[in-house]
Amino acid sequence: MPLGYLLPTLLVALCMWFALVAPRRTPLLAAISFRLGIVINEVPHVAFYLLLAATLLAFQQGDLDTPGGMATAAVAVLTMAGLTVLLVRGVRAGPVLDAAMADALGESWHGDIADVLAVRLRRRLPLARILLGPIFVRRRDVRRLAGISYGPAGKRNTLDVYHHRTHKPDGPTLVYFHGGGYFTGRKDKEARPLLYRLASQGWVCFSANYRLRPSVTFPDHLIDAKRAIAWVRENGQEYGADPSSIFIAGSSSGGHLATLCALTPDHPAFQPGFEHVNTTVTAAISLYGYYGNYYGQGPESSPISYVTQDCPPIFMAHGDHDTYVFVEEARQFAGTLRSVSAHPVVYAELPGAQHAFDLFQSFRFTQVVDAIEAFTAWVRSRGQVQ
C-alpha cells in the first residue's frame with residue numbers, strides 16, 4: 001500500500017467533501033466543515049495541482065500497479081472532479097454579482113459611473129496571480145503603515161494604513177473592521193486582497209483593531225469602531241486620505257460593526273467623549289456579516305433595529321454554504337433594508353462560498369473585490385465624489 005500517496009489523497013478528499021457539502025446541522029459539523037474546507041473551497045486549483053503531481057509521481061514509481069494504488073488513484077480522480085466543481089462555483093460568483101448590481105442599481109448602472117472612475121475599473125481577472133499565487137496578496141506599489149494608535153486601549157486601538165507609494169493627496173477613504181466573533185481576530189488577516197487592490201488604485205485604507213470579549217462587551221466594540229472613524233475623519237488627510245467621504249467595511253463580526261456604524265451616524269450613546277465628531281459614512285460593505293443580537297443582549301445590539309429610510313448605500317456578499325452565519329439571516333436583513341431604505345442595497349449570495357471567503361486572491365473573492373470597486377465608483381459618481 002503506497003502510504004505516501006494514500007494519506008495525502010485521503011486528506012485532500014476529506015477537505016474537498018467538507019467544502020463541497022458544508023454540513024451545518026450541528027455546531028460541531030459546522031465548525032469541522034469550516035476548518036477543513038475553507039482553504040480548498042477558495043483555492044481548489046492549488047489542491048488539484050498537488051493531487052495531480054502526487055498521482056503522476058505515484059505512477060512513475062510504479063505505486064499504481066498494486067490494488068491499493070489503483071484504489072487510491074480512483075479516489076484521487078473523484079477528488080479532482082470535486083475540486084473542479086468547487087472551482088466552477090468560485091467562477092460563478094461573477095455573474096451572480098453582476099445580477100445583484102443590476103438588481104439594486106439598475107440595468108444601466110455601468111453607464112452611471114463617471115468616466116474618470118470607470119477607466120480605473122479592472123476589465124479582466126488577473127489569472128496568473130489567481131492560478132499561480134493566490135496566497136500572495138501584497139503589492140509592490142502599496143505601502144502599509146502598521147500599528148498606528150487611534151484610541152486609549154493600547155494594541156486593540158491601533159490601525160494599519162494602506163496607501164499607494166506615490167502618496168497622492170485626497171484619496172478615497174475606506175475603514176475596515178476584521179471578524180472573529182468579537183473574541184478573536186486582528187486587523188491584518190482578512191480582506192487584504194481588497195485593501196491592497198483599492199490602495200493600488202489610489203485609495204487610502206485603514207484596517208482597525210478593536211477591543212474584544214471577554215474584557216469588554218457591547219457597545220464597547222462599536223464605540224471603538226466609531227472612535228476609529230472619528231480618528232480618520234480628523235487625521236486621515238495626513239496619510240493622503242480625503243476624510244470628507246468615508247466608506248466603511250467589515251467581515252463577519254466586522255460586518256456587524258460596519259452596518260451598525262452606517263446605521264447609527266452621530267449617535268451620542270456610541271460616541272462618549274467625542275460626540276461632536278461627524279461619524280457618518282458614505283456607504284457600507286459587509287462580507288459574510290452577522291446581523292443579529294449580540295451575545296444574549298437585546299435588539300439594541302442588532303443592526304436591524306436601526307434601519308431607517310436614510311440608510312446609506314450598502315453592499316452585502318454572503319456565501320450560501322456559510323456554516324457560521326447562515327445565509328437565511330443575511331437574506332432577511334437585506335430584505336429589511338430594501339423594504340425601508342431609500343438608497344440601494346446590493347445583496348449577492350455567492351454560490352458555494354463558506355465563511356471567511358476573503359482570505360485569498362481566489363476566483364471568487366477577486367470578483368467580489370471588483371464588484372466592490374465598481375459599487376464604490378457608482379456611489380462616488382452619484383455623489384460627484386472624484
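## Sheet, helices and cavities

Let's start inside the sheet: strand β6 (residues 283–287) and strand β7 (residues 314–319) run parallel and are joined by 4 bridges. One pairing to look for is Ala284, whose bridge partner in β7 is Ile314. Keep in mind as you look around that this is a predicted model.

Zooming out, β6 and β7 belong to an open sheet of 8 strands with mixed pairing, and the order reads β1-β2-β4-β3-β5-β6-β7-β8. At the edges sit β1 (142–149) and β8 (345–350), each pairing on one side only. From one strand to the next, the twist averages 20°.

Which helices go with which strands? Helix α5 lies across β7 and β8, while helix α9 packs on the sheet and touches β1, β2 (158–164), β3 (171–177), β4 (204–208) and β5 (241–251). Here are the two side by side, each with the angle to one strand:

| Helix | Residues | Reference strand | Angle |
|---|---|---|---|
| α5 | 93–105 | β8 | about 160° |
| α9 | 220–235 | β5 | about 155° |

Angles over 145 degrees count as roughly antiparallel, so α5 is roughly antiparallel to β8, and α9 is likewise roughly antiparallel to β5.

Now for a pair of helices. Two packed helices are described by the angle between their axes and the distance between the axes. For helix α2 (residues 27–42) and helix α3 (residues 44–60), the axes come within 4 Å and cross at roughly 90°. That makes α2 and α3 roughly perpendicular to each other, because the range for that label is 65 to 115 degrees. On the α2 side, the contact is made by Ile40, Asn41 and Glu42, and on the α3 side by Pro44, His45 and Ala47. Sorted by class, this contact has 3 nonpolar, 2 polar and 1 charged residues.

Finally, the holes. How many cavities of 30 Å³ or more are there? The count comes to 4, and the largest cavity has a volume of about 70 Å³. Its lining is made up of Leu117, Arg120, Leu121, Gln201, Trp203, Glu373, Thr376, Ala377 and Arg380. Which helix gives the most to that lining? That would be helix α12 (residues 363–382), with 4 residues. As for character, the lining of the largest cavity divides into 4 nonpolar, 2 polar and 3 charged residues.

Methods
Residues numbered from 1 in each chain as written. Predicted model: local features only at pLDDT ≥ 70, side-chain atom pairs only at ≥ 80, totals over all residues. Heavy atoms only, no water. Pairing = 2+ DSSP bridges. Helix = DSSP H or I, 4+ residues; strand = E, 2+ residues; numbered from the N terminus. Axes fitted to C-alpha atoms, helices over the stretch in contact; angles between N-to-C directions. Contact = heavy atoms within 4.5 Å. 1 Å grid on protein atoms, 1.4 Å probe; cavity = no way out; pocket = protein on both sides within 12 Å on 5 of 7 lines; lining within 4 Å. Points joined across faces, edges and corners; volume = space filled by probe spheres on them. Nonpolar A, V, L, I, M, F, W, Y, C, P; charged D, E, K, R; others polar. Parallel < 35°, antiparallel > 145°, perpendicular 65-115°, else oblique.
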